[in-house]
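This report describes the local architecture of one protein chain, proceeding from secondary structure to individual residues. Please consult the sequence and the model shown here while reading.

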Amino acid sequence: MYNGRLSQGQTQTREIGEMTSQQAVRIKEFEGEVRRRGENAEIGWEESSNAETRGVLFGAFAGVTLMVYPNGLISIPAVRSYHPPKYPTPVIAAASSKQLWAGQKRRDDANPEKAKERRGGHLHPIVDTNLKCRSADCPCHNQGPGDLQKRARGGRNTNPNRCS
Ligand SMILES: [Zn+2]
């Protein structure tokens, strides 16, 4: 079970056939983008068995949770906003998740009350398979499944190939 504590380089035993082909292709793209930047792309992806997120792969990249949905959409559930032209695809954004999280945290820390009112993103970079994060102050802890699903769509993306 994913607990958000997987370190980079830690490998998990998983059959490639367990994930969908869209997930496998997306992870390859993500790894290519991260390696192109000279960083370590090894993530211990784990498939969620939680009813809320069954079949979604969860991993932690540089301390920030990434999710890969069965249709190949890669998401940074904690980050509420990333758009073209700087972030044309969810893969580019995912490879930048550390910087995206740092920027959001700076803005949220400067205005914590406003941050709590926002419907997207989270107040902690690690989001568990129940779609709740590790900050007790985050509004996700008082939300139902529908709102949590929307909140998990980093950048409000639905298209696996293009940021909105
Ligand atoms: Zn949260």
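A residue is called buried if 20 or more other C-beta atoms lie within 10 Å of its own, exposed if 12 or fewer do, and partly exposed in between. The model under discussion is a predicted one.

**Strand 2 and its partners**

By that criterion, five of the five residues of strand 2 are buried, and the strand is mostly covered. Leu57, Gly59 and Phe61 point one way from strand 2, Phe58 and Ala60 point the other way, and all are buried. In a regular strand the side chains alternate between the two faces of the sheet.

Strand 2 pairs with strand 1 (residues 46-47), to which it is joined by two bridges in an antiparallel arrangement. Within this pairing, Glu47 stands opposite Leu57 of strand 2. Strand 2 also pairs with strand 3, again in the antiparallel sense, over five bridges. Here the bridge partner of Phe58 is Met67 of strand 3, while Phe61 stands opposite Val64 of strand 3.

**Strand 3 and strand 4**

Strand 3 is largely enclosed by the rest of the structure, because five of its five residues are buried. Its two faces are both covered: Val64, Leu66 and Val68 lie on one side, Thr65 and Met67 lie on the other, and all are buried. Strand 3 is joined to strand 4 by two bridges, and these strands run antiparallel. Val68 stands opposite Ile74 in strand 4.

**Helix 1 against the strands**

Helix 1 comprises residues 21-36, a total of 16 residues. The distance from its first C-alpha to its last is 23 Å, close to the 22 Å expected at 1.5 Å a residue. Its buried residues are Gln23, Arg26, Ile27, Phe30 and Val34. Seen down the axis of helix 1, these buried residues fall within an arc of 100 degrees, so they line one face of the helix. The face turned away from the buried side carries the exposed residues Ser21, Lys28, Gly32, Arg35 and Arg36.

Against which elements do the buried residues of helix 1 pack? They pack against strand 2 (57-61), strand 3 (64-68), strand 4 (74-75) and helix 2 (90-95). Strand 2 and strand 3, whose mutual pairing is antiparallel, are thus both contacted by the buried residues of helix 1.

**Backbone conformations**

Several residues adopt a positive phi, as tabulated below.

| Residue | Phi | Location |
|---|---|---|
| Gly38 | near 75 degrees | following helix 1 |
| Ala62 | near 55 degrees | hairpin of strand 2 and strand 3 |
| Gly72 | near 95 degrees | hairpin of strand 3 and strand 4 |
| Leu131 | near 70 degrees | loop between helix 4 and helix 5 |

The hairpin containing Ala62 has two residues between its strands, and the hairpin containing Gly72 has five. Ala62 has its positive phi although it is not a glycine. With 18 C-beta neighbours inside 10 Å, Ala62 counts as partly exposed. Leu131 is likewise a residue other than glycine with a positive phi. Leu131 lies between helix 4 (112-117) and helix 5 (145-152), and it counts as buried because it has 23 C-beta neighbours inside 10 Å.

A further backbone feature concerns the peptide bond from Pro84 to Pro85, which is cis, with omega near 5 degrees. Pro85 is located in the loop between strand 4 and helix 2.

**The surroundings of Cys140**

Is Cys140 buried or exposed? Cys140 is buried, with 22 other C-beta atoms within 10 Å. This residue lies in the loop between helix 4 and helix 5. Not counting residues up to four places away in sequence, Cys140 touches His122, Leu131, Lys132, Cys133, Leu148 and Arg151. One of these contacts is therefore Leu131, the buried loop residue with 23 C-beta neighbours inside 10 Å. For another contact, Arg151, the separation along the chain from Cys140 is 11 residues, and the C-alpha atoms of the two are separated by 8.0 Å.

Definitions and conventions. Residues are numbered from 1 along each chain as its sequence is written. This is a predicted model: local features need pLDDT of at least 70, side-chain atom pairs count only at pLDDT 80 or more; totals for chains, interfaces and linings use all residues. Helices (H or I, at least four residues) and strands (E, at least two) are DSSP runs, numbered from the N terminus. The expected span of a helix is 1.5 Å times one less than its number of residues. The arc is that of the directions from the helix axis to the C-beta atoms. Two residues are in contact if their C-beta atoms, placed from the backbone, lie within 7 Å. Two strands pair if DSSP finds at least two bridges between them.
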